[in-house]
Amino acid sequence: MKILAIVRFTTLTAAAGIGLSACRQVAPAFGPNIPFARQNAEEFFYSVGSRFTNIQRPQRVIRARQQFGHYALTPSGVYSDTTIWLATGPDSARLFGDEGIFSVDRYIVSAKLSTTSPDQLTESREIVRLRKLTDNEYEWFTNVEVALGRIGAKSIADVLAAALAAGEGQSSAATRADYNASFPRTAAALGRLFTIDTLRTTPDSEGATTIDIAIKLTPDILKATMPHYAAYIDKYISKGKYRITLTDKTGARWFDAWAANYYMHFKVRSKGGHFAPLEGALRPMPEQLTIQLDMSMKIMIFTVGWTQMMGDFEFINTAHERGWSMRFAKEPNWHLPITVGTLLKSPLRRPFQGQGIPIRISIRDNPGSQTILNRRGSFIVQESGILRFLNRLSGTAVGDFLGPSEREANRFNADAFRALRIDVAELLK
């Protein structure tokens, strides 16, 4: 759960830095022609932004989210709670679900189990399943689907390619000027938290361009309007250390992002809108890569984290679907407080055994229906003393976020996507 939260935050920041730095050249890539691009971009940003707008949840959904976060690593605490689960499966698995849709000025969520995909703009569905495997082993599974309008999956990939291509060959000063002129509302909305400290474009003899972006987090600016969200970022994100790297079997890097001390850095290399290895000769990006995640953060008085969490990373690239599939099946190097040194650490290996931790994120279109953003993943936990210790820490972080911090974070995201929608519409007139 924490991995997905960090990935979502990093992805939003990367979009702000890499995608927007390409500016006006990107907007037409939303469709095969300007009218379709305008329609697709409008539906896409409207749908995504709506999910963060004035969210209304019933008490049952609110409590379920709190309990799932509180007992993520000790599922026995929630498995038998009949006030949360909506159904029991044939294998005694506990099932919970919710669905949401935007109405007038708010996003309305209700507790409901559904087996069909969203079929209306702004609609979303989520399923949570908890299955008991043995006396102390449990398997979590989550599946989230969000309707994005009628944009094709290929068009999403085209937007990324256009963003990379537009940044090639331009000077840093020209790129900054283009961004501020093309996206004034977005720059203002994101500027409350993100400042592009460094934007460097370096062409090379291979005809490729390396794009190096450093984004500074400014919670001191954000706190004037969103004090709780700013405090949460200051406490958990800005002071943590994170790194995401993609490499191929030769060890060559294809993407590198890292964060520490209020700065987030992103480094990519491209030619003609296609990713290139950060070092060496140009060649096509392999369909199979290795992803490495490193993370360290301080919760209360404890610093916890890991290095070298390695996983298989594959691109999903079919006629109607684009995305990523990841599987983490190798235990990382844990960095834990000395106070837990006496606890049995074998349960930490359990999630990485067997199928490991699979995570799949994709955009799937269906001509004549809604394009769906889908995120699903599962992991197995073996309850133990060390898991109970870590669960208390993660529960503290989740508890600090739910409530005022989350409401302000949602408002920040809604403002950003609303600004993006208007700026892109202006570019496509």
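This report walks through a predicted protein model, from its overall build to a handful of single residues.

## Overall build

The protein has 429 residues. They form 11 helices and 18 strands. How does the radius of gyration agree with that of a compact globule? For 429 residues, a compact globule would have a radius near 22 Å, and the protein has 22 Å, so the two agree. Along the principal axes, the C-alpha atoms fill a box of roughly 60 × 50 × 45 Å.

Sequence distance matters when reading the contacts. Take the contacts between residues at least 6 apart in sequence. Of these, 64% join residues at least 24 apart.

## Surface and charge

What share of the residues counts as buried? The figure is 49% of the 429 residues. The accessible surface comes to about 19,500 Å². Carbon and sulfur atoms account for 55% of that surface.

The protein carries 52 positive and 40 negative charges. Their mean positions are 3 Å apart.

## Two residues with positive phi

Val104 is not a glycine, yet its phi is positive, near 65°. It sits in the loop between β3 (94-103) and β4 (106-111). Is Val104 buried or exposed? Its relative accessibility is 75%, and exposed means over 50%, so Val104 counts as exposed.

Gln308 also has a positive phi, near 60°, and is a residue other than glycine. Gln308 lies in a strand, β14, which covers residues 302-318. Its relative accessible area is 38%, so Gln308 is partly exposed.

## Ser362 and its polar partner

Ser362 belongs to strand β17, residues 357-364. Its relative accessible area is 1%. Buried means under 20%, so Ser362 is buried.

Which side chain makes a polar contact with the side chain of Ser362? The partner is Glu321, at 2.7 Å. Glu321 is also among the residues that Ser362 touches beyond four places in sequence. The others on that list are Ile316, Arg322, Gly323, Ile372, Leu373 and Asn374.

## Thr201 in strand β7

Thr201 is part of strand β7, which runs over residues 194-203. Its relative accessibility is 13%, so Thr201 counts as buried.

Set aside the neighbours within four places in sequence. Thr201 is then in contact with Gly167, Gln170, Ser171 and Ser172, and also with Thr209, Thr210 and Ile211.

## Two phenylalanines

Phe275 lies in strand β12, residues 274-276. With a relative accessible area of 22%, Phe275 is partly exposed. The cut-off for buried is under 20%, so Phe275 does not count as buried. Beyond four places in sequence, Phe275 touches several residues, including Leu160, Leu164, Trp254 and Met285. Val268, Arg269, Ser270 and Arg283 are also on its contact list. How far is the C-alpha atom of Phe275 from that of Thr210? The separation is 9.9 Å, although the two residues are 65 places apart along the chain.

Phe315 is found in strand β14. This is the strand of residues 302-318 that also holds Gln308. Phe315 has 30% relative accessibility, so it counts as partly exposed. Leaving aside neighbours within four places in sequence, Phe315 is in contact with Met285, Pro286, Glu287, Leu289, Gly323 and Trp324. Met285 also appears among the contacts of Phe275, and Gly323 among those of Ser362. Pro347 is 32 residues from Phe315 in sequence. In space, their C-alpha atoms are 31 Å apart.

## Gly240 in a loop

Where is Gly240 placed? It is in the loop between α9 (227-237) and β9 (241-247). This loop residue has a relative accessible area of 2%, so Gly240 is buried. Val104, another loop residue, counts as exposed.

Gly240 and Ser296 are 56 residues apart along the chain. Their C-alpha atoms are separated by 5.7 Å. Ser296 is also one of the contacts of Gly240 outside four places in sequence. Ala259, Ala260, Asn261 and Met297 complete that list.

Key. Residues numbered from 1 in each chain as written. Predicted model: local features only at pLDDT ≥ 70, side-chain atom pairs only at ≥ 80, totals over all residues. Heavy atoms only, no water. Helix = DSSP H or I, 4+ residues; strand = E, 2+ residues; numbered from the N terminus. Rg over C-alpha atoms; globule rule 2.2 N^0.38 Å. Buried < 20%, exposed > 50% of the residue type's maximum accessible area, 1.4 Å probe, protein only. Contact = heavy atoms within 4.5 Å. Areas by Shrake-Rupley, 256 points an atom, 1.4 Å probe, with all protein chains shown as cover. Lys, Arg positive; Asp, Glu negative; His and termini not counted. Charge placed at Lys NZ, Arg CZ, Asp CG, Glu CD. Polar contact = N/O pair within 3.5 Å; in protein donor to acceptor, adjacent residues only side chain to side chain.
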